[in-house]
Amino acid sequence: MSVSSVIRRVAGAWLDGDLLYRFRRSPVAVAAAALGALLVLAALGADLLAPYDAFDPASANAADARLPPGSQGLFGETYALGTDPQGRDMLSAMLYGLRTSLVVGVASVGLAAVMGVLLGLVAGYCGGLIDAIIMRTADVQLGFPAILIALLIDGVTRAVLPREVHERFAMPVLIVAIAASYWVQYARTVRGLVLVERRRDYVLAARVTGVSTPRTLFAHILPNVLGPILVIATINLALAILTESTLSFLGVGLPATQPSLGSLVRIGNEFVFSGDWWISTLPGLLLVLLSLSVNIFGDWLRDALNPKLAQ
Amino acid sequence: MIFVLGRLGQAFLVLLAAALVSFCLFRFVGDPVNNMTGQAASLAEREAMRAALGLADPVVLQFVRFVGKAVHGDFGMSYRFGQPVAGLVLERLPATLELSVVSMLIATGLGLPLGVWTALHRGSRLAQAVLAVSLVGIALPTFLIGIVLILVFSVRLGWLPSFGRGDTIQLGPWSTGLLTGSGLRSLVLPSVTLAVFQLALILRLTRAEMLEVMRTDFIRFARARGLHRGAIQYRHGLRNTLVPVVTIVGLQFGNVFAFSIIVETVFQWPGLGLLVIQAIQFGDIPVLAAYLVLVALCFAVINIAVDLFHLAIDPRIRISGGARGAA
Amino acid sequence: MSALLSVENLRVEIAARDRRLTAIDDISFTIGAGEILGVVGESGAGKSVTGTAILGLLEPPAALAGGRIAFAGRRIDTLDEESMRRLRGKEIAAVFQDPLTSLDPLMTVGEQLVETMLTHLPIKRKEAFARAEDLLRMVGLPAPRERLQAYPHALSGGMRQRVVLALAFCCNPRLIIADEPTTALDVSVQAQILDVLRRMCRENGTAVMLVTHDMGVIAEATDRVAVMYAGRLAEIGPTRALVEEASHPYTRGLMASIPSLTRRRDTLVQIPGAMPRPDAPVSGCAFHPRCPSAEARCRSERPPAFAVEASQVACWLADPARRSVSA
């Protein structure tokens, strides 16, 4: 099953099912999707949109530190959303931070989905000991809060790797840590479907005609789980983005050289008491908008794909 | 009885898994000898220490010894503080437990009734509004809620303290902030911050479960029997809703424990969470290991409590458990 | 004998995405006191919707859109919810299809019986319990005293349906709407349940609207039969007349599909084609696409109900004008 055929199937479900109809009928879902799309575009175009390069030390000017929104800089720069303690333009930092948050969120959800689907397929197909090991691990992990697992994985790599090395690999480590804490749901869903499908006649028929069972399962089950996986992924995307920002806020996620929305809030948190509210709340607000748009869309998608609830 | 034993076995498995992970952390992450002796120690000193710590023994034996010690609350010395980990953890535990329990009470006390109410008044504008606000509650990052609450109630209005526990009273080994005015005032912002997400979650889950139950045949049949609306909604609807909701509330307690790390960081609340986040930043593995085991223990205890509750309320489990017990 | 229940031109619509679908239309019939009226038809013909409408339990998106329902000389389709509730379970009781899901799993059989009686009857709890035991005995439940303490899941499907019957009879109703009461049960149990229902009705003078798609049940247990097709009444008349000599081609098809011991056939007769769905209505007589005797008129004009002896038949074949010509 090629990628393009998967895309065609999903697109087909959108166009001929009533998903698109329901989508157009729900102003809230349309608004959430539009906001989400706007944020993604802003993040992708950060290089073009940001007035200043947030990573260029030359653009930071200590004399312009902690200016409130709408201030003029020493050399006549305009800081629409103010500056941070290093004199960086908040707007630019936020755009780049948004990009980092989105990249980590999307990558970790993608990784979690791939891990979960594969482990679920293997567990359901092999059964026996392998199934038991995978699913018991899932059970145990489900008992633990996801954020704790991500925290532990991140904490352990921090203890193992020397500081400079860890800093260089902070983002991949973070992505793996978050993915490892969210794979369980996918695995359970896929395994359940495999167990149902492998008893069906067509699997038997395919085996008789010489097509291997794994291949049959793959070709038939993957399209069936696309709907549920899409829903889980959308809702998990919001969770993953929040987890990343939370870890970065706690100072165990991304280092200061790679600002994400969470680490920007962390920086601002130190200046809350001096009344410099914009350094923490503005990136926070952007984070909330992102999380809210994904959450609302995911909520809508779940209801739309579940006819039992759509009354 | 067999049912309970089965669940106990499962809880034991989780504990064992946590112990294994924390043992691996302890044994293989970083070199314990290096961590304890520092750079200056000679090779001979290191070997002596290694033998003294039992690190030369077979790994399985070491694990058994680790579990044996853990059962007695011995998790070794903190790399950072040079004190026994057990003492550090016990000293911090009351602060975190008080915070978690109070916020869970807030979340359940408001979330459950609101969830029931929004389910029963599905069409009303107010219920729709409550539901929309609850989605915002789900989407808000906890740390941001804390920061905004501090900005508004501590910095702007100056009504409530923004850090620490206030005055505490020592009751035996337990230090409580619940008996002093400043302790209670200090608890308000952190516990509300910690409660917001759980409240929204409990509200939405209760609503979903209640709607599910109100759609069932026995509710339709109860209406056909001409029962009063209150009897249908509460005696039949709510009771059946509570079974899954209590499970969720119980399991969420573990999450509250984890999220207290965030809240304790924002409010500098001197509990376990703050200890753990510092342990992660400093690579203080013994503290991490102890925390992991403690969370697993907490998880096991809650699971058993939830099962006992089910046993008390749900006759289906009671009978099937009994039948299996007799067999 | 004046009718206990009279339904006139009943119409129920279902609000769909952008239009209103007609679930049932122009349904008129009566049930006399103590009479058993069978209602047959394929699934989707509108049998259950009719029963639900009489009970006043239609739920959005379905709603009454016309006609009137009178019970014991009093119009009930316009009653407010509270007055209707007083009627339900007391005067008009219900038995639904699936006994496995009709009872609240968290409440004992006795409690559910007592709860229903205390809602409608001016009796004490103790009397109610005594009556509950009697009722369980009457519906043929072995060891009724012990069964009062049993939870539904501890009973078999057949036993549960007996409990449901006891619940329906507990306030001595004058009418019972029985919606496929035996469909979900084992064949061996079906006859027993039907027996209990019939016996209790005869003893108490209770009338029944027995919804089913089982022609065997109809022939065996009913006084009169209403045949529904695509949301309309095709034919209604005495059971004997319909079984032996139906006028409507659809009824004839249904009767022919009963496997019979007396009339030997090599193959089971089937009516070719499928019933039109509410979202794709058919012009003229809804049965014409499948009717062996359809004419041009059947495609364009909907037949009214013509009286044929004691029956009412909605078919142009029964048009007296036509009959007099051909005679």
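How many of the five residues of strand β7 of chain C are buried? In this predicted model, strand β7(C), which spans residues 175–179, is mostly covered, and five of its five residues are buried. Leu175(C), Ile177(C) and Asp179(C) point one way from the strand, whereas Ile176(C) and Ala178(C) point the other way. In a regular strand, side chains alternate between the two faces of the sheet. Residues pointing either way from β7(C) are buried.

Strand β7(C) is paired with two other strands of chain C. Strand β6(C), residues 92–95, runs parallel to β7(C) and is joined to it by four bridges. Within this pairing, Leu175(C) of β7(C) is the bridge partner of Ile92(C). Strand β8(C), residues 207–211, also runs parallel to β7(C), and five bridges link the two. Here Asp179(C) has Val211(C) in β8(C) as its bridge partner. Between β7(C) and β8(C) the chain passes through helix α8(C), residues 187–204, and the resulting β-α-β crossover is right-handed. These elements fall in a segment, residues 5–255 of chain C, for which an unreviewed UniProt entry lists the feature "domain: ABC transporter". That span is 40% helix and 27% strand, and its end C-alpha atoms are 27 Å apart.

For chain B, UniProt places the feature "domain: ABC transmembrane type-1" at residues 93–310, again in an unreviewed entry. The span is 81% helix and 3% strand, with its end C-alpha atoms 28 Å apart.

Chain B contacts both chain A and chain C. The contact with chain A takes 32 residues from chain B and 37 residues from chain A. On the chain B side, at least two residues each are supplied by α1 (2–28), α6 (125–139), α7 (142–156), α10 (229–267), α11 (272–282) and α12 (285–313). Helix α7(B) provides the largest share of this side, seven residues. By class, the side of chain B that touches chain A comprises 26 nonpolar and six polar residues, with no charged residues.

The contact between chains B and C takes 19 residues from chain B and 25 residues from chain C. Helices α9 (217–224), α10 and α13 (315–326) of chain B each contribute at least two residues to the side that touches chain C. Of the elements of chain B, α9(B) gives the most to this side, with seven residues. The class composition of the side of chain B that touches chain C is seven nonpolar, five polar and seven charged residues. Charged residues are thus present on the side of chain B that touches chain C, whereas the side that touches chain A has none.

Notes
Residues are numbered from 1 along each chain as its sequence is written. Chains are lettered from A and ligands numbered from 1 in the order in which they are written. This is a predicted model: local features need pLDDT of at least 70, side-chain atom pairs count only at pLDDT 80 or more; totals for chains, interfaces and linings use all residues. UniProt positions are given in the numbering used here, feature names are shortened, and annotations may be inferred rather than shown by experiment. A residue is buried if 20 or more other C-beta atoms lie within 10 Å of its own, exposed if 12 or fewer, and partly exposed in between; C-beta atoms are placed from the backbone. Two strands pair if DSSP finds at least two bridges between them. A crossover is right-handed if, with the strands pointing away from the viewer, the path from the first strand over the helix to the second runs clockwise. Two residues are in contact if their C-beta atoms, placed from the backbone, lie within 7 Å. Ala, Val, Leu, Ile, Met, Phe, Trp, Tyr, Cys and Pro count as nonpolar, Asp, Glu, Lys and Arg as charged, and the others, Gly among them, as polar.
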